[in-house]
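Here is a short note for a colleague who has not met this structure before. Please read it with the model open beside you.

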Amino acid sequence: MATKQITVPAAQGDLHRPTGVAQYLSPVVHDLVALAVNGKQAHWHVRGENFMGVHEFLDEVVAHAQDGADTVAERIVALGLPVDARIGTVAARTSTPELSDGFQQSDVTVREVVAQLDATLETVYAAVKGLDDVDLVSQDLVISIAQQLDKDRWFLFSHYAE
């Protein structure tokens with residue numbers, strides 16, 4: 001009895017898809033890991049007006065960043081490539097700005113974490129655009145992350161008194 005040969009077409013017909021996906025998703029991983037670490041740093045050091053609201057919401061930002069980083073990293077690995085999210089690599093490659101050192105008033109914390117979110121969103125939206133011709137499944141993942149980060153930015157920015 002002959003075995004039936006099953007052919008599975010390469011997604012979008014491109015054998016270089018994993019490399020293309022990693023090209024766009026690796027910077028997203030780096031920025032999300034940095035956002036999670038920096039969000040926790042900000043969480044520990046926020047002071048002043050709106051303390052409790054900002055302090056507690058930063059934990060949500062951190063959780064969303066960690067979940068997003070895990071989802072994106074697992075997508076890269078599922079396509080057969082490794083992910084380098086070691087802290088030294090993340091520090092060298094992230095686009096997120098550095099936070100101020102030590103305790104900060106809540107308005108400074110909010111402004112700085114919004115800048116973290118803005119930098120991460122820029123990277124995420126670049127991935128959305130770049131993945132349009134590479135891999136729609138990966139693009140869908142980063143669209144979902146963009147939606148959550150946009151919402152987190154809005155919630156956090158609402159604490160900022162202009």
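The points below go from the overall layout to single residues.

1. **Status and layout.** This is a predicted model. The protein has 5 helices and 2 strands. Starting at the N terminus, the order of elements is α-β-α-α-β-α-α.

2. **Burial and surface.** Of the 162 residues in the protein, 41% are buried. The exposed area is about 9300 Å². Carbon and sulfur atoms supply 54% of that area.

3. **Contacts along the chain.** Take the contacts in the protein with a separation of 6 or more. Residues 24 or more positions apart account for 81% of them. Several of the points below give examples of residues far apart in sequence.

4. **Helix α1.** This helix covers residues 17-45, which is 29 residues. Does its length agree with what one should expect, and what is the span? At 1.5 Å a residue, α1 should span 42 Å, and its end C-alpha atoms are 42 Å apart, so the two agree. The helix also has a kink of about 30° at Y24. The kink comes shortly before the proline P27.

5. **The nonpolar core.** Which residues have the most contacts inside the largest nonpolar core? They are V142, L149 and L156, in a core of 40 residues. The elements that each give two or more residues to this core are α1, α2 (51-78), α4 (106-131) and α5 (136-157). Helix α1 gives the most, with 11 residues.

6. **L156 in detail.** What does L156 touch, once residues up to four places away in sequence are set aside? Its partners are V54, F57, L58, V110, V113, V114 and L117. F57 comes up again in the next point.

7. **Aromatic residues.** The whole structure holds 2 aromatic pairs. In one of them, the ring centres of F57 and F155 are 5.8 Å apart. Their planes meet at 45°, so this pair is tilted. The pair joins distant parts of the chain: F57 sits in helix α2 and F155 in helix α5, 98 residues apart. The two residues differ in cover. F57 counts as buried, because its relative accessibility is 8%, under the 20% limit. F155 counts as partly exposed, at 34% relative accessibility. F57, W154 and F155 together form one aromatic cluster.

8. **T120.** This residue lies in helix α4. Is T120 buried or exposed? It is buried, with a relative accessible area of 1%. Leaving out neighbours within four places in sequence, T120 is in contact with D31, L32, L35, T96 and L149. L149 is also one of the residues with the most contacts inside the largest nonpolar core.

9. **G68.** This glycine lies in helix α2. G68 is buried, at 4% relative accessible area. Beyond residues up to four places away in sequence, G68 touches L32 and I145. T120 is in contact with L32 as well. How far is G68 from Q148, C-alpha to C-alpha? The separation is 9.2 Å, although these positions lie 80 residues apart in the count along the chain.

10. **Q139.** This residue belongs to helix α5. Q139 is buried, with a relative accessible area of 12%. Apart from neighbours within four places in sequence, Q139 is in contact with V128, L131 and D132.

11. **The loop between β1 and α2.** Both E49 and N50 lie here, and β1 covers 46-47. E49 is exposed, because its relative accessible area is 63%, over the 50% limit. N50 counts as partly exposed, at 35% relative accessibility. N50 has a positive phi of about 65°, although it is not a glycine.

12. **What E49 meets.** Leaving aside neighbours within four places in sequence, E49 is in contact with Q105 and S106. The C-alpha atoms of E49 and H159 are 9.4 Å apart in space. In sequence, E49 and H159 are 110 residues apart.

Notes. Residues numbered from 1 in each chain as written. Predicted model: local features only at pLDDT ≥ 70, side-chain atom pairs only at ≥ 80, totals over all residues. Heavy atoms only, no water. Helix = DSSP H or I, 4+ residues; strand = E, 2+ residues; numbered from the N terminus. Expected span 1.5 Å × (residues − 1). Bend = angle between axes of the 7 residues up to and from the residue. Buried < 20%, exposed > 50% of the residue type's maximum accessible area, 1.4 Å probe, protein only. Contact = heavy atoms within 4.5 Å. Areas by Shrake-Rupley, 256 points an atom, 1.4 Å probe, with all protein chains shown as cover. Core = buried A, V, L, I, M, F, W, Y, C linked by side-chain atoms within 4.5 Å. Phe/Tyr/Trp six-rings, centres within 6.5 Å; stacked < 30°, edge-to-face > 60°.
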